[in-house]
Every structure is written in structure tokens, then in C-alpha cells.
Number of protein chains: 2
Amino acid sequence: MDRVAIIGASMTTFGDRDAWVRELLAEAGDAALRDAGVEGDDLDHLYVSNMASGEFEGQTGVPNALAHDLGALGAYTQRVDQTSASGGAGIYAAWQSVASGASEMTLLVGGEKMTHKTTGEATDVIASLTHPVEYKHGVTLPSFAGLTARKYLDEYDAPRESLGKVAVKNHRNGVDNPHAQFRKEVDLETVLDSPIVADPLRLYDFCPITDGSAALLFCPESVAEEYADDYVVVSGIGGATDTHVVHEREDPTTMQGVVESSEIAYEMADRGPEDVDFAELHDMFTILEFLQSEDLGFFEKGEGWKAVEEGVTERDGDLPINTSGGLKSKGHPLGASGVAQAYELYVQLLGDAGDRQVEGDVGLACNVGGFGNCVTTTILEQP
Amino acid sequence: MDRVAIIGASMTTFGDRDAWVRELLAEAGDAALRDAGVEGDDLDHLYVSNMASGEFEGQTGVPNALAHDLGALGAYTQRVDQTSASGGAGIYAAWQSVASGASEMTLLVGGEKMTHKTTGEATDVIASLTHPVEYKHGVTLPSFAGLTARKYLDEYDAPRESLGKVAVKNHRNGVDNPHAQFRKEVDLETVLDSPIVADPLRLYDFCPITDGSAALLFCPESVAEEYADDYVVVSGIGGATDTHVVHEREDPTTMQGVVESSEIAYEMADRGPEDVDFAELHDMFTILEFLQSEDLGFFEKGEGWKAVEEGVTERDGDLPINTSGGLKSKGHPLGASGVAQAYELYVQLLGDAGDRQVEGDVGLACNVGGFGNCVTTTILEQP
């Protein structure tokens, strides 16, 4: 079967942006089209990954607005929502559109506008994705993260410092990412002394509230060279859910959706975790980088923290994780994040990552919705 | 290529339901699974068509909740939003999931809970899909409909009564649909004397605010007989946009998205409008039934109204339209409507439509988002 190629990509600067989501989507979408020399009216399908433009801005129908702004009249448009994994879900939708033969040119643009809301307001919108029973008891995603981190540290004798080192590493990477929200190193003391949010997690264990957008352009590999000298292929992709009621999980330190979605992606790519050269993981909270690095099969259960302590996941380590700075320092505009993860893999695979460039032919991105309620795993490779 | 089959379908009663969207989705989803004897954990993919559970109920992440409620843990889930065409977009997503090989068993459930809001509040949520410039000037979808109806009547010398006859016909059909919100005939006088909403359109030219859900179960045709004695196939499907700024359209009485999406669907099915035996059109406003019946190629431009006057679109006519009662009498729970259109085609094709049964092997559904901003057209056939 003809594989699906990505022939263009872009992301906007992430951070506090003086622009509505429509404008952010158009900025990234237009840049991805220009990256490949494709016009809006060449698009067959146009997908928008976005969780909550209605709740954040009182604006719905943004895919139609984007089709208009990009001159993509006639293209089929649709919004893809899978909460904080909307971006990864958008990649899956775009992949399916090309793999099914429905589209020969699909643009995916993910984006969210959040910073005009207070952190409390934004957290409330996000918490509306939790199970009503848990929500009624005041649960938010940060509170789940605190409980899970406590259990992980206890169960695997991991030091609190190891979590802090995830933040330190990802901030260091973010310094070299011109699109990152925070381009500022932090030291371990700053992280460990920052205010408690959900014990044992502190302010620097959390990603920020962010505005931003990112875009990817897909077509069948058989025609990719007509548009781009360099391109990458989606060699594997899969998605899976876990229980929506988080307290029903047998082992809260295992994200079953990560395990199952990656199994599907590995099988499709005919790859295993040992083949992955670098990865973008969903470090909405530092603890999640440990869990995913284990559930993806990179490290044994309970040993993800040791990899961070030993520098394995640094840019000069054996398996660099979150070279982009991750959600932690790059920022987390919900619908954009999964798309921006793949953007990082794309520029790394093409050798365009500048000061943060690492070596490798196979990159993996893991995008987590809710608290692992739904996950997509994507493997990108050089052709 | 292996075609995509629909092996199970269901819809809930539409109307004023004492249930949240989660419950409505579970009700329809469970019934569709039982229709085919399939278990929740047999599902590879699970799509939810829903426009605005966040705005209507303060609840997001409903696909994850539904996966939980149906015992479909492990299935990949995602929400599909294309405003009032979310249902048709969901059919397209489900079709792509099977046609691409990503899924061998996909459940689509569309639903919306709206009646706990006032008509004004619900209309406001829907109006948030319009272009900001038009929205700021107070535009709502009913106001677009009024302007378009006036132009149509003037341009094609159509009598006001012809619009009323759409409502009369669809209410008559709804009487025989046990799931319809209004099972009540109305006479032409009642329609023509009802209060003006957007001149020349009156109350009975509009669909109601509705709660409800509908579901379809998809798999490759090659395995359909393992699950169901009777099934239908998706022989053609396509989607397309029109300008998001409605006042930029060259001819407001032509819905370009209907024209283009149907061209794609006809080509894929190797069919033309003359092959269609019955159709479900998006009669959110009576005028839309005329426009679509022309833009789909059933009748010449400006002659859709004559077909209604002459009884062609009645159940005993040559081309029955909206045998279900249409959105007008069946109701219009946004995310459910496109799915429920296909449900009607399914039961008609299987000969299960009871008192409203018509003859034919080929059915077409046209689902319109916004004011034609994005449209999907689906053709279902007996295998």
C-alpha cells in the first residue's frame, strides 16, 4: 500500500498571542502550504484539531472559517476533538483521509487560544472532560497528576528530584526552540522550591496555559516528490482509550492507552521501541514523561526516572525526549500540541532543527487526552 | 476495493428528553451494537458526532465517556464536529476508518442535548458558527433562511404556499415515524398563519430544538455477512465547503457545497441523481429542501418547488423526500441529525420502515453544516 507522506509543516510561536484561534490557525496553515508550494485550492480535505473554541472564545465552525481564510473553498472540512490529544487525533484523521483514498492532499491545522482566560478558568474548561462523578468531587487533571506522582515515587523508590530533572531538561531544550513559550533555563532548586500545586508536584512540574497553532500537510508518498525534495512518512499510527473513570484503573501508574496505541503503531511500522531514535512525549505534568517512557517500552516499568537521572533522555543521550522543550517549556495550546509534536519530529528528521538537532531516522510522538483517557501514538520516519 | 458496509443502526426517540447527551449516546450506541450482535469490546474505533456538549452542558470528552459506558475500552475514540453537519461528517470519518484499514469495526454515535436551553440560547450557540463579521451584525441561521427564501420566491416565481407544503408533507411523514419529535399533521393554513420568524418564513418553516441520538455500525463488506443477514453499503460519500461569509456567495439560492459534495459521491458510487430512489434532505428550514433538491440534480434550478406542488416528493411520488419526517418533524439534535438521516435510509433499504415504507434500492442523504458552509452527501445502497 502507498504510504502517507508529510510534505510540509509549520508552527507559530507559542505563548501569549494577541490573536484569536482563527488567526492562529490561518498563520500556521498558510505557512505549511507555502512550505510545500501548495495552494489552498489544491486541498481535498482540511482538518482542524481544536478542543474548545466555543468554550474559550464563543466561536464555533472554525474549520469553515479556515477554509475561507486559506482559499480552500470546495475542500471538505471538519473539526477533530479528542481533548488534549486533539492534535494526535487530527494526525490520525488526516492519515485516514489519504490512506482511504478520499483525499490526495490534506492539511491538518491544530490550534487553541487560551491565555485570555485565567488559569482557573482554563483549568475548569479542561476539567469538564473528566467523568462527572470525579468532576463533582472537585477533580482536575493536576489533582490526578499529584496523586499519581505520589504513588509512582512511593512504588518505585524514585526521588522527588527526578521529577524536577524532567523540567530542567525540557526547559534547557526549549531555550533552543525559537517557537517555545519559555526560552529560559531553570535550575533544580528553582523547580523544587516553587509553590506546591498538587503535592508532591509544584508549579514547575506543570505546563503553562498557551496560545498557538501548528500544521502538517499530507499526501500519498507516491506523489510526495512532486511537491517536496524532503519529506517524511507516517510509518505507524494508532489510538486507544483507557477507563474514563480514572479511579477504576487497576494500576494508576500505567497508562493503558499509551501501551495499546503504541502496540498498534509499532506493528504497523514494523518497529519496536528499540528502533526509536527520539521522541516527543506529552509532558503536561513531569510525571507523565516517566509513565509514557515506560508504557511505550523505552524503559522497564518503574525505571523511567533512572533514565532521566542518568541523562539517557538528554539531547546527547541515547534516546532524546522532548527536544522541542515539550509541553513543559514549549507550551500546551490544547489542539495544537499533538500537531506540534509531529512538527518537531519532522524538522528533526529533515535535519532542520538547528541548535537542538539530534541524530536519527525514526521519531515517535505520544499525545495524551484527558488523563490518558484517549491516546494516539505516531511514528514518523525518513522515507 | 472492499466496500464499507453498515451492519447495525438505531435511533432514540427524538424530542424533549430527560437525559444528558452521555445517556442519549449510550442508549443509541448500545442499541446499534445489539442490532448486529456486536459487543463494545469488539470495536476498533468509536466516533461521536456532536457539535457543542461543552456549550450546552459544560461537559466535554464525551467520546471517552461513551467508550466507558459501552465497554469499548481500548477502542480509539474521537469527536467529530462539523456544526449541524456533524452527523454526516461522522459517517465520512467512520467510512475512512474502515476504508483505510485502520478499523475493522467502527461505531458512530451522533447526539445532542438542547431542550434544557431556551430557543434563544440554543440559537445563539448555533449562531456562533457564522462568520464574525456577519455575527456581529446580528445574523443567525434563521435570518439567512429568510433572506434566501425571499430571493428564491422572487427569482423563480414560486408561490409562498409551496414552502408551506414542504412542512405539511414532512409533518405527514413524521406521523408514521415512531421516533419523531412531532407526530402530528399540520394543514397548510396553520403553516401560513403561524407567527413570522424571518419574513417570509414563519414558525412552521423551521425545525425545532431537539434532544436525541442515532448510531450506525460499520465494517468491511467482506465480513458483513458474519454479523448481519441484511446490511447496506456506503456506495458513495463526499464532502465540500462553500464560502464562510454567506454574503460573498455569487448566487445565494445555490448551495455550492451541496453541488460539489454530491458530485464526489455520485462519481464514487457510479450513480447520477436519476438513480436515486429516495432521499433525506437537511430541511432545517423549508427553503433548504428546495435548494438541495435542485443542487443535488434531482430537479432543474428553480423547479424544486414545482416538484413539491406536483407531489413528486411525497411517499407515493417518483422521488420521496424526507420519509422520516425530516428535521422539520423528526427534530434536529445537531450532532444526531446526519446519522439519523442515514438511519432512515438503512431501514428503508432493509424494508423495515413500517407504515412509511417506500420502494427503492438507492438512497441519498444530504447533511448541511452552517448555512451550507460545509456539506456531506452520502449514498447508501442494497449490496
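**View 1. A salt bridge links B:Asp81 and A:Arg79.** In this predicted model, the closest N and O atoms of B:Asp81 and A:Arg79 sit 2.6 Å apart. How many salt bridges are there between chain B and chain A? The count is two, and the one shown here is the pair B:Asp81 and A:Arg79.

**View 2. Strand β3 of chain A meets β3(B).** Look for residues 76–81 of chain A, which make up its strand β3. Three bridges join this strand to β3(B), and the two run antiparallel. Which residue of β3(B) is the bridge partner of A:Val80? It's B:Val80.

**View 3. Polar contacts run between chain B and chain A.** With both residues at pLDDT 80 or more, 26 residue pairs are in polar contact here. Several elements of chain B each bring at least two residues to the side that touches chain A, among them β2 (45–49), α3 (62–69), β8 (232–241) and β11 (374–381). Which element gives the most? That's α4(B), with seven residues. Sorted by class, this side of chain B has 22 nonpolar, 25 polar and seven charged residues.

**View 4. Here's the whole meeting place of chain B and chain A.** On the chain B side, 54 residues are in contact with 54 residues of chain A. People often give the size of an interface as the accessible area lost when the parts come together. For chain B and chain A, the buried area is about 4,100 Å². Carbon and sulfur atoms give 48% of that area.

Conventions:
Residues are numbered from 1 along each chain as its sequence is written. Chains are lettered from A and ligands numbered from 1 in the order in which they are written. This is a predicted model: local features need pLDDT of at least 70, side-chain atom pairs count only at pLDDT 80 or more; totals for chains, interfaces and linings use all residues. Side-chain values use heavy atoms; hydrogens and water are left out. Contact means heavy atoms within 4.5 Å. Buried area is the accessible area (1.4 Å probe) that two parts lose on being put together, summed over both. A salt bridge is a side-chain nitrogen of Lys or Arg within 4 Å of a carboxyl oxygen of Asp or Glu. A polar contact is a pair of N or O atoms within 3.5 Å; within protein, one must be able to donate a hydrogen and the other to accept it, and residues adjacent in sequence count only if both atoms are side-chain atoms. Helices (H or I, at least four residues) and strands (E, at least two) are DSSP runs, numbered from the N terminus. Ala, Val, Leu, Ile, Met, Phe, Trp, Tyr, Cys and Pro count as nonpolar, Asp, Glu, Lys and Arg as charged, and the others, Gly among them, as polar. Two strands pair if DSSP finds at least two bridges between them.
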